[in-house]
Amino acid sequence: MKNKNTIEISNLNVWVDNQYILKNVNLDIPEHQITVLLGPSGCGKTTLLKSMNRLTDLYKELKVTGEICIDGDDILKSKRNIYEIRQKMGLLSQKPYPLPVSIYKNIAYGIKLKGIKDRKLLDYNVEKRLKEVGLWDEVKDRLHSSPDTLSIGQQQRLCLARGLAVKPRLILADEPTSALDPLSSKIIEDLFKKLKEHYSIVVVTHILRQAKRLADNVVFMHYGEIVEQGAPDQLFTNPQSPELKKYLVDGN
């Protein structure tokens with residue numbers, strides 16, 4: 001039986017002037033799997049990620065055509081509020097960016113966006129999201145402290161919890177461990193493996209080892225195009241394209 005897809009991308013092109021950043025991208029993101037966008041720096045991975053929650057709108061010079069459908073709704077042409085569209089996706093950046101408020105308010109902010117104002121419900125949901133990312137026991141006695149008191153790995157988990165607070169369908173992670181030490185990186189990777197039971201996850205990385213550890217589905221990109229995609233065992237043991245063969249040999 002075919003996997004149900006969270007996102008279906010058809011004929012996506014992104015360019016500026018006459019320079020294509022993404023070219024004729026066709027991609028399905030299956031539900032409850034970790035899809036890894038793999039490839040060398042500058043190949044379009046981050047732009048593809050930004051296209052999925054329309055962060056490309058922030059760059060007026062970019063031209064975008066094609067379709068990105070979530071639950072049958074093409075978000076590039078949707079009449080829904082852009083913030084409503086983005087609430088379907090929790091975004092985790094390379095470097096954590098906690099809000100300049102307390103640990104508690106970082107999570108409560110997202111919960112309030114869903115219309116929850118009651119203090120007991122807020123308390124319950126803040127605790128639930130912090131437990132979901134394994135951070136509750138580490139911060140429960142300092143919820144009203146600044147996130148600056150946390151390590152960078154803890155801050156990244158806080159940002160993940162904040163993203164989960166809006167109850168997204170999808171987690172988008174752009175090289176989420178690049179600023180972390182090996183222990184913190186492993187914690188984030190292990191979290192993703194648990195969270196895929198409830199969310200679909202897209203991870204951008206250029207690290208081959210990380211792709212092998214995480215991926216249920218690999219999408220290899222080169223110069224803005226998808227060159228190969230499929231199960232990691234298939235791609236890594238029997239690559240078809242010269243670009244992927246070279247990438248595997250170089251060990252990037």
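Is Cys159 buried or exposed? That is a handy place to start, and the points below go on from there.

1. Cys159 comes out as buried, because its relative accessibility is 5% and the cut-off for buried is under 20%. Please keep in mind as you read that this is a predicted model.

2. Another cysteine to look at is Cys69, which counts as buried because its relative accessibility is 16%. You may wonder about cross-links here: a disulfide is a covalent bond between the sulfur atoms of two cysteines. The structure holds zero disulfides.

3. Now for a sheet. Four strands form an open sheet in the order E2-E1-E4-E5, and their pairing is antiparallel. At the edges sit strand E2 (19-30) and strand E5 (73-74), each of which pairs on one side only. Strand E4, covering residues 63-70, pairs with E5 in the antiparallel sense over two bridges. If you would like to find this pairing in the model, look at Ile70, whose bridge partner in E5 is Asp73.

4. Helix H10 (residues 242-250) is a nice one to turn around on screen. Its buried residues are Leu244, Tyr247 and Leu248. They lie on the same side of H10, because they cover an arc of only 95 degrees around the axis. The face turned away from that buried side carries the exposed residues Pro242, Lys246 and Val249. As for what covers the buried residues of H10, the list includes strand E3 (34-38), helix H8 (208-214) and helix H9 (232-237). Strand E9 (217-222) and strand E10 (225-230) also belong to this cover.

5. On to the interior. The largest nonpolar core has 46 residues, and Leu38, Leu130, Leu160 and Phe192 are those with the most contacts inside it. A second, separate core has 25 residues, among them Val25, Leu48, Ile75 and Leu170.

6. Leu130 deserves a closer look. Leaving aside residues up to four places away in sequence, Leu130 touches Ile107, Leu135, Trp136, Val139, Leu143, Leu158 and Ala161.

7. Lastly, try a loop. Val101 lies between strand E6 (89-92) and helix H3 (103-113). With 34% relative accessibility, Val101 counts as partly exposed. Residues up to four places away in sequence aside, Val101 touches Asn106, Ser146 and Pro147. Along the chain Val101 and Asp148 are 47 residues apart, while their C-alpha atoms are separated by 9.7 Å.

Notes
Residues are numbered from 1 along each chain as its sequence is written. This is a predicted model: local features need pLDDT of at least 70, side-chain atom pairs count only at pLDDT 80 or more; totals for chains, interfaces and linings use all residues. Side-chain values use heavy atoms; hydrogens and water are left out. Two strands pair if DSSP finds at least two bridges between them. A disulfide is a pair of cysteine sulfur atoms within 2.5 Å. Buried means under 20% relative accessible area, exposed over 50%, partly exposed in between (1.4 Å probe, protein chains only). The arc is that of the directions from the helix axis to the C-beta atoms. Contact means heavy atoms within 4.5 Å. A nonpolar core is a set of buried Ala, Val, Leu, Ile, Met, Phe, Trp, Tyr and Cys residues joined through side-chain atoms within 4.5 Å.
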